[in-house]
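Please look through the structure below with the following notes beside you. They take up one residue, two helix pairs and the cysteines in turn.

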Amino acid sequence: MVGNQCLICDCFVAPALSVDRDVVCADVQCRRLHDQRLTMAPNLYAPHLAFQKSLIRERRSAAAANRAKVARIISDEDEEGRLALQEYVTASGRSKDIDLITLPSVPQHTVPLSEERRKKYIRHLETEMAEAVGCEDVSELPHDQHYTLIDRRIAQDAFLAENPELARRSDVFCEICRGGCCMKGGDSAYVSAVMLRRQLDADPELTPESLLSAYIGSIPEAAIDGGCINQGEAGCGLPRDMRSDVCNHFLCEPVRDYQAKSAETNAISDVFVVQRSNHQWNRFASESANALVACYLVDDVGYHEVSNAHETLIGEQDVSRREKG
């Protein structure tokens with residue numbers, strides 16, 4: 001490779017990036033550490049440099065190893081997914097083009113909601129409500145993701161309203177997954193002062209007390225273990241208009257990619273769904289590909305499981321046809 005190695009992290013550097021005849025890459029950490037030689041006594045800088053170089057190189061090595069692991073898992077899962085699809089095509093004799101997507105899943109069991117979690121969530125609701133009613137207008141609240149996401153969510157809703165079949169299939173994907181993206185909701189469920197203020201502003205007859213009671217009344221007796229406090233066996237316990245824009249806007253990458261492809265080609269294809277044991281946020285937690293737990297065919301009628309994929313990946317086991325509507 002053309003160039004020299006950074007004296008801090010050992011990566012290769014173009015000669016033009018050399019600093020005072022020293023070869024230092026453009027990374028902020030490396031530059032900062034190199035600049036510290038100007039402000040520290042040589043006898044103090046030398047051991048400091050050696051220690052910090054070691055830390056930087058360890059972090060870089062760990063990051064590189066993680067990238068390699070992620071790439072390996074993606075490759076292995078993609079290959080297994082293609083094999084599952086091919087087995088299905090061969091067994092079913094289908095000739096029509098079928099798209100392939102991979103979806104996560106969530107734990108199948110719920111656990112009784114502890115009083116501690118319930119109280120923590122209620123305190124969060126009360127805190128956010130106090131902030132919501134403490135201002136005259138939503139514009140006075142912090143312009144964070146809760147504030148700025150609404151325009152993107154409205155645009156997404158409009159796009160799906162114009163494409164009802166694509167919206168229906170997207171809903172099917174979410175029904176199959178059952179909330180793999182919700183596992184980070186924790187004890188706040190992304191409820192914010194912004195969303196509460198907007199609900200109050202939209203309905204002059206709605207009082208802060210009644211809205212707070214509606215949220216508290218929606219707390220389930222049991223929730224998915226490790227997931228959002230509102231995440232039960234049947235999905236989110238909140239009606240859609242009480243969910244945050246974060247929740248209403250989020251779609252996992254496979255679903256977004258399918259929507260983008262369908263919009264670009266102006267065609268909605270059948271989809272072979274490979275579902276894996278991970279949820280949205282722990283896909284790369286293990287050292288190997290996540291277990292394949294089920295496969296489904298999604299078409300213009302509904303969806304049905306097509307194979308006992310985690311055992312054989314072969315044949316069609318038609319479990320139940322879900323009619324649309």
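1. Ile 150 lies in helix α5 (residues 150–162), where helices are DSSP runs of H or I with at least four residues, numbered from the N terminus. With a relative accessibility of 18%, Ile 150 counts as buried, a word that here means under 20% relative accessible area, while exposed means over 50% and partly exposed lies in between (1.4 Å probe, protein chains only). Leaving aside residues up to four places away in sequence, Ile 150 touches Arg 198 and Asp 245, contact being heavy atoms within 4.5 Å. Ile 150 and Met 195 are 45 residues apart in sequence, and their C-alpha atoms are 9.4 Å apart in space.

2. Before going further, please note that this is a predicted model, in which local features need pLDDT of at least 70 and side-chain atom pairs count only at pLDDT 80 or more, whereas totals for chains, interfaces and linings use all residues. Residues are numbered from 1 along each chain as its sequence is written, and side-chain values use heavy atoms, with hydrogens and water left out.

3. Met 195 also belongs to a helix pair, since Met 195, Leu 196, Gln 199 and Leu 200 in α7 meet Pro 208, Leu 211 and Tyr 215 in α8. The residues of this contact divide into six nonpolar, one polar and no charged, where Ala, Val, Leu, Ile, Met, Phe, Trp, Tyr, Cys and Pro count as nonpolar, Asp, Glu, Lys and Arg as charged, and the others, Gly among them, as polar. The axes of α7 (residues 193–202) and α8 (residues 208–217) come within 11 Å and cross at roughly 125°, and the two helices are therefore oblique to each other.

4. Helix α1 (residues 28–35) and helix α2 (residues 42–92) pack with their axes 10 Å apart, at an angle of about 175°, and are therefore roughly antiparallel. Angles under 35 degrees count as roughly parallel, over 145 as roughly antiparallel, 65 to 115 as roughly perpendicular and the rest as oblique. By class, the contact of α1 with α2 has five nonpolar, four polar and three charged residues.

5. How many disulfides does a search of the whole structure find? The search finds zero, a disulfide being a pair of cysteine sulfur atoms within 2.5 Å. For Cys 11, the nearest cysteine sulfur is that of Cys 9, 3.4 Å away. The sulfur of Cys 247 is 6.4 Å from the closest cysteine sulfur, in Cys 228, which is too far for a bond. Cys 11 is partly exposed, at 27%, and Cys 247 is partly exposed, at 35%.

Definitions and conventions: Axes are lines fitted to C-alpha atoms, for helices over the stretch in contact, and angles run from 0 to 180 degrees between N-to-C directions.
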